[in-house]
Amino acid sequence: MAKAGRKGCSCPGFLRKNWLLLSTVAAVLMGIGVGMLVREYGKLSNLDKFYFSFPGEVLMRMLKLIILPLIISSMITGVAALDSSVSGKIGLRAVIYYFCTTVIAVILGIVLVVTIKPGVPQTANEIDRVGSTPEVSTVDAMLDLIRNMFPENLVQACFQQYKTKREKVEATTGVDKNSSTFTEEPVTTATTAEASENKTQEYKIVGMYSDGINVLGLIVFCLVFGMVIGKMGEKGQVLVDFFNALNEATMRIVQIIMWYMPIGIVFLIAGKIIEVEDWEIFRKLGLYMATVLSGLAIHSTIILPLIYLIIVRKNPFRFAMGMAQALLTALMISSSSATLPVTFRCAEEKNFIDKRITRFVLPVGATINMDGTALYEAVAAVFIAQLNDLELDIGQIVTISVTATAASIGAAGVPQAGLVTMVIVLSAVGLPAEDVTLIIAVDWLLDRFRTMVNVLGDAFGTGIVEKLSKKELEQMDVTSEVNIVNPFALETTILDNDETETKKSYVNGGFAVDKSDTISFTQTSQF
């Protein structure tokens, strides 16, 4: 009887603990059902569709609103809490992990697409083209990435990214006085040869700003800023406290947003289902989609858990279940940056990852760790080559691998950023860039699944880096008890009584520092 009673009590406890996850799953199913019903019987106009998806748009805006304060506060407090040598080691481990998993994802994608051959049974002419091809130069895109790491204006970086564009300069020849004759007189074979020798198409680079947070630039600045105030000691402690409070306030706002999330997700999914006009394209690209999805499934259910199991020696699927809310959110909104608030919450509250690790590793991961995107780009490039009946040699496949890895790092954590980097990959191996329009029609769906894999990769990364950095973190905890004010190291320590707390405190330059993760000015006023 006692056992039965205990079991009965566990059900309400489980529901209370996981109400958000369960309500999100219910919202997903309801969104699919509502979308199908409205699509079949509603006959909505384009304007009606726009209004119908409005609650979903509000959810996206809420999540995007919180990205900026979250990245800034978490990065600065995370780096400031670490010793400079420790933060360097943690950063290096995180980057090595991201690089290795991305390379593995690209190789897996290429092996699958070469084995399954989804583009062989059909040609490019059989598939309808949708949208337009983004104009991207590989060299310019890479240089823009470096430029954005060092923004001219920090305030502007909060809402705009720098971007260069090539513009054609009016044709000129080696001989200025004959410049007009080449365009007006009939061209013979000789003059064509002469023209090709003297007359080259000139371009000029024009800089401009496009809307969107320059996450990379902000991360670089916050990284340096956090290291500097961390080394300033007492003088910098006021700033550390400010950003700690900002981070705490931001996470509380995230909890408020979570209450609205199930409602927003219903309309987000239903609105997307209603918008899709041509379901026939899914049949035509079915094998291609199956290749991408099987690659993402293998990477997320076998490769990433295996790496986690080997290094951490804990159950990876239990860890993944702790991240379920973040994974569902990523699946619904297809943006790893917008999912960041939920990822933080799951990693810290469900999987109990050290805050010094999550605050440092997760913002970087959301920007540069794109396993799913890299796999998708590798599969798409080879698929387009197969559609055009082109045989790729080993050199071209290696080029696709390297370019897909590099381009995925540059992919901003926003919806469908992969299409822009896709053009870079295609251009690198001489494939027609305009063929990216063949896969745009199904990209919105695949984008959701690859974002989910990206977020899962970030999450496993925090667990792995925490395990590898355990000695350094423990050493910092011991040192902080003696002479270092560390905002996170002592956060979970429970003191036996008030007397021990007083003994551990000390007065230093007007500050009374104790183990309660606060710096109190009121205590000093008693002296």
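**Figure 1. Helix 10 and helix 17 pack against each other at an angle of about 155°.** In this predicted model, helix 10 covers residues 215-231 and helix 17 covers residues 355-368, with their axes 10 Å apart. Because angles over 145 degrees count as roughly antiparallel, the two helices are roughly antiparallel to each other. Helix 10 passes helix 17 in a left-handed crossing. To find where they touch, look for V215, L216, I219 and L223 in helix 10, which meet F360, P363, V364, T367 and I368 in helix 17.

**Figure 2. Y288 sits in the largest nonpolar core.** This core has 124 residues, and Y288 and I400 are those with the most contacts inside it. Beyond its neighbours within four places in sequence, Y288 is in contact with P118, Y376, V379, A380, F383, I439, V442 and L446. In soluble globular proteins, nonpolar side chains tend to be buried together.

**Figure 3. The whole chain combines 23 helices and 5 strands.** Here is a step back to set the close-ups in place. Of the 527 residues in the protein chain, 47% count as buried. Among contacts with a separation of 6 or more, 83% join residues 24 or more positions apart.

**Figure 4. Two stretches of the chain have a pLDDT below 50.** The protein chain averages a pLDDT of 81, and 79% of the residues score at least 70. Over residues 1-8, however, the pLDDT is below 50, and this stretch has 0 contacts in the model beyond near neighbours in sequence. Residues 173-196 also stay under 50, and for them the model has 14 contacts beyond four places in sequence.

Technical notes: Residues numbered from 1 in each chain as written. Predicted model: local features only at pLDDT ≥ 70, side-chain atom pairs only at ≥ 80, totals over all residues. Heavy atoms only, no water. pLDDT = per-residue confidence, 0-100. Contact = heavy atoms within 4.5 Å. Core = buried A, V, L, I, M, F, W, Y, C linked by side-chain atoms within 4.5 Å. Buried < 20%, exposed > 50% of the residue type's maximum accessible area, 1.4 Å probe, protein only. Axes fitted to C-alpha atoms, helices over the stretch in contact; angles between N-to-C directions. Helix = DSSP H or I, 4+ residues; strand = E, 2+ residues; numbered from the N terminus. Parallel < 35°, antiparallel > 145°, perpendicular 65-115°, else oblique. Left-handed = near helix turned anticlockwise from the far one by under 90°.
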